[in-house]
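Here's a walk through a small piece of protein architecture, one helix face and one charged pair at a time. Have the model open and follow along.

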Amino acid sequence: PKAPSKWTEEENEQLRRAVEARGEKNWREGAELVPGRDHVQCLQRWKKVLKPGLQKGTWKAEEDTQLVQLVCEGFKNWGQLAARMSGRTSK
């Protein structure tokens with residue numbers, strides 16, 4: 001199998017337009033608007049890189065406090081924690 005190639009800015013724009021046109025639920029249809037990419041690649045690129053509101057990089061003090069609070073409440077799985085942290089993903 002061919003190794004996946006790096007996303008180009010043109011592909012990123014195609015994906016943004018696809019999500020605008022088809023929404024964030026039907027990835028098979030959306031991927032049809034991004035030539036050379038399948039629905040899984042489009043879903044992952046959107047959820048982990050392009051989705052507006054994603055927080056990347058250094059954590060803010062408020063996020064550290066929220067993370068400690070959530071762990072104290074019993075959440076230990078990163079997926080569960082990230083779901084409760086605005087803008088953070090499970091990866």
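Start with the side of helix 1 that faces away from its buried residues: Glu-10, Arg-17, Glu-20 and Ala-21 sit there, and they are exposed. Here "exposed" is over 50% relative accessible area, "buried" is under 20%, and "partly exposed" is anything in between, worked out with a 1.4 Å probe on protein chains only. Helices are DSSP runs of H or I with at least four residues, numbered from the N terminus.

A quick word on what you're looking at: this is a predicted model, where local features need pLDDT of at least 70 and side-chain atom pairs count only at pLDDT 80 or more, while totals for chains, interfaces and linings use all residues. Residues are numbered from 1 along each chain as its sequence is written, and side-chain values use heavy atoms, with hydrogens and water left out.

Now flip helix 1 over. Its buried residues are Glu-11, Asn-12, Gln-14, Leu-15, Ala-18 and Val-19. Looking down the axis, these fall within an arc of 160° (taken from the directions from the helix axis to the C-beta atoms), so they line one face of the helix. The cover over them includes helix 2 and helix 3. Helix 1 has 14 residues and spans 20 Å from first C-alpha to last, close to the expected 20 Å; that expectation is 1.5 Å times one less than the number of residues. Right after the helix comes Gly-23, with a positive phi near 85°.

Some of that buried face feeds into the largest nonpolar core, which has ten residues: Trp-7, Leu-15, Ala-18, Val-19, Trp-27, Ala-31, Val-34, Cys-42, Trp-46 and Leu-50. Helix 1, helix 2 and helix 3 are the elements that give two or more residues to this core. A nonpolar core here is a set of buried Ala, Val, Leu, Ile, Met, Phe, Trp, Tyr and Cys residues joined through side-chain atoms within 4.5 Å.

Not everything on the buried face is greasy, though. Asn-12 counts as buried because its relative accessibility is 5%. Leaving aside neighbours within four places in sequence, Asn-12 is in contact (heavy atoms within 4.5 Å) with Trp-7, Arg-45 and Leu-50.

Then there's Glu-11. Which residue does Glu-11 form a salt bridge with? The partner is Arg-37, with the closest N and O atoms 3.0 Å apart. Glu-11 lies in helix 1 and Arg-37 in the loop between helix 2 (27-31) and helix 3 (39-50), so the pair ties together parts that are 26 residues apart in sequence. A salt bridge means a side-chain nitrogen of Lys or Arg within 4 Å of a carboxyl oxygen of Asp or Glu. Arg-37 is buried, at 7% relative accessible area, and its side chain also reaches the backbone oxygen of Ser-5 at 2.9 Å.

The structure holds six salt bridges. Another one joins Arg-16 and Glu-13 at 2.7 Å, N to O; both lie in helix 1, three residues apart, about one turn of the helix. Arg-16 is partly exposed at 30%, and so is Glu-13 at 33%. Arg-22 pairs with Glu-29 at 3.8 Å, and these two are partly exposed as well, Arg-22 at 34% and Glu-29 at 35%. Bridges with shared partners also link Glu-9, Glu-13 and Arg-16 into one network.

How values were computed: A polar contact is a pair of N or O atoms within 3.5 Å; within protein, one must be able to donate a hydrogen and the other to accept it, and residues adjacent in sequence count only if both atoms are side-chain atoms.
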